[in-house]
Amino acid sequence: MILLAPGLELHPAHFSRAEQEALVEAIREIVRAAPLFTPTMPRTGKPFSVRMTNCGPLGWVSDRDGGYRYQATHPATGETWPAMPPALIEAWREFADFDGPPEACLVNFYEAGARMGLHADADEKEPRAPVLSISLGATCLFRYGGPTRNDPTRSVKLSSGDVVVIGGKSRFCYHGVDRLYPATSTLIANDARINLTLRRVTPA
Ligand code: MD3
Ligand code: FE
């Protein structure tokens, strides 16, 4: 384990190749039931370059009129989200140090050129629960800073199979994905990257 900052743990290559392949297959099945959608920014309606879907009881969505929020249904199909795969619930039990199951798993799908601007995850109402992040596919350059947007930042590469636990003092810190590295994925076609984040949304 590499402690990147207080409360911010990087577990490099936690998942084996076989486990990563099984996770990608589970995500494909989730995407069949709950298709990737393109979130848009509150007020401006500017589209994200990352497409998303969710599994679990709640899912994170965003659009111009409704803004950032968690809801129980897919924004396009109106259906409830598919169940969370057991392997993800097991990873939460292993890493989260929190009583109670995760409520949302946000699936971020990055294709070549996609990025995620600096932001803090603040739509969850249980500050004692960490966010658990799992990276699959292409390597990315990840940036993280402090509790305000102007704090200095550091960068780290995240590779397929890595787990990051974002808790404690780091839970509400700013972070983003600056770029993907081409030709680094043997797991997913077309230099794509998937990031899964497991979250507790409501107070336990
Ligand atoms: C927070 N996803 O969905 S979270 C998100 O790779 C999101 O798609 C990122 O940010 C992604 O909201 C990764 C993992 C993470 C890693 C390090 C952090 C979050 C962090 C450091 C400080 C604060
Ligand atoms: Fe985030």
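Strands are taken here as DSSP runs of E of at least two residues, numbered from the N terminus. In this predicted model, one such strand is β11, comprising residues 163–166, and V164 is placed within it. With a relative accessibility of 8%, V164 counts as buried, because the limit for that class is under 20%. Apart from residues up to four places away in sequence, V164 touches L8, E9, L10, V131, L132, S133 and L158. The C-alpha atoms of V164 and S135 are separated by 8.5 Å, and the two residues are 29 positions apart along the chain.

Strand β11 belongs to an open sheet of seven strands, ordered β1-β2-β11-β8-β13-β6-β3 and paired in the antiparallel sense. The edges of this sheet are occupied by β1 and β3; each has a single partner strand, so one side of each lacks a neighbour in the sheet. From one strand to the next, the twist averages 20 degrees.

At one end of this order, β1 (residues 2–5) and β2 (residues 8–11) run antiparallel and are joined by three bridges. Within this pair, I2 has L10 of β2 as its bridge partner. The hairpin formed by β1 and β2 has two residues between the strands, and G7 adopts a positive phi near 85 degrees there. Strand β2 also pairs with β11, again in the antiparallel sense, over four bridges. The bridge partner of E9 in β11 is V165. E9 is also among the residues touched by V164. Towards the other edge, five bridges connect β3 and β6, an antiparallel pair. In this pairing, R51 stands opposite F109 of β6.

Helix α1 spans residues 17–33, and its 17 residues should extend over 24 Å at 1.5 Å a residue; the end C-alpha atoms lie 25 Å apart, in agreement with that expectation. Its buried residues are Q20, L23, V24, I27 and I30. Viewed down the axis of α1, these residues fall within an arc of 115 degrees, and they therefore line one face of the helix. On the other side of α1, the residues A18, E29 and R32 are exposed. The elements covering the buried residues of α1 include β3 (51–55), α2 (86–95), β6 (104–110), β8 (131–137) and β13 (193–199). Of these, the strands β3, β6, β8 and β13 appear in the order of the seven-stranded sheet.

Among the buried residues of α1, Q20 has a relative accessible area of 8%. When neighbours within four places in sequence are left aside, Q20 is in contact with F15, L136, S160, G161 and L187.

A further open sheet comprises four strands in the order β7-β12-β9-β10, with antiparallel pairing. Its edge strands are β7 (116–119) and β10 (154–158), each of which pairs on one side only. Neighbouring strands in this sheet are turned by 25 degrees against each other on average, direction ignored. Strand β7 pairs with β12 (residues 175–180) over two bridges, in the antiparallel sense. In this pair, H119 stands opposite H175 of β12.

The histidines H119 and H175 are also metal donors. The protein donors of the iron ion (ligand 2) are H119 (NE2), D121 (OD) and H175 (NE2), at 2.0 to 2.2 Å from the ion. Along the chain, the donors follow the spacing H-x1-D-x53-H. The donor D121 is buried, with a relative accessible area of 10%.

Positive phi values also occur at two aspartates in loops. D97, in the loop between α2 and β6, has a phi near 50 degrees, a positive value in a residue other than glycine. D97 counts as exposed at 75% relative accessibility, because the threshold for exposure is over 50%. D191 is located in the loop between β12 and β13 and has a positive phi of about 60 degrees, although D191 is not a glycine. At 27% relative accessibility, D191 counts as partly exposed.

Terms used: Residues numbered from 1 in each chain as written. Chains lettered and ligands numbered in written order. Predicted model: local features only at pLDDT ≥ 70, side-chain atom pairs only at ≥ 80, totals over all residues. Heavy atoms only, no water. Pairing = 2+ DSSP bridges. Axes fitted to C-alpha atoms, helices over the stretch in contact; angles between N-to-C directions. Expected span 1.5 Å × (residues − 1). Buried < 20%, exposed > 50% of the residue type's maximum accessible area, 1.4 Å probe, protein only. Arc of directions from axis to C-beta. Contact = heavy atoms within 4.5 Å. Donors = N, O, S within 2.8 Å, 3.2 Å for Na, K, Ca; no water.
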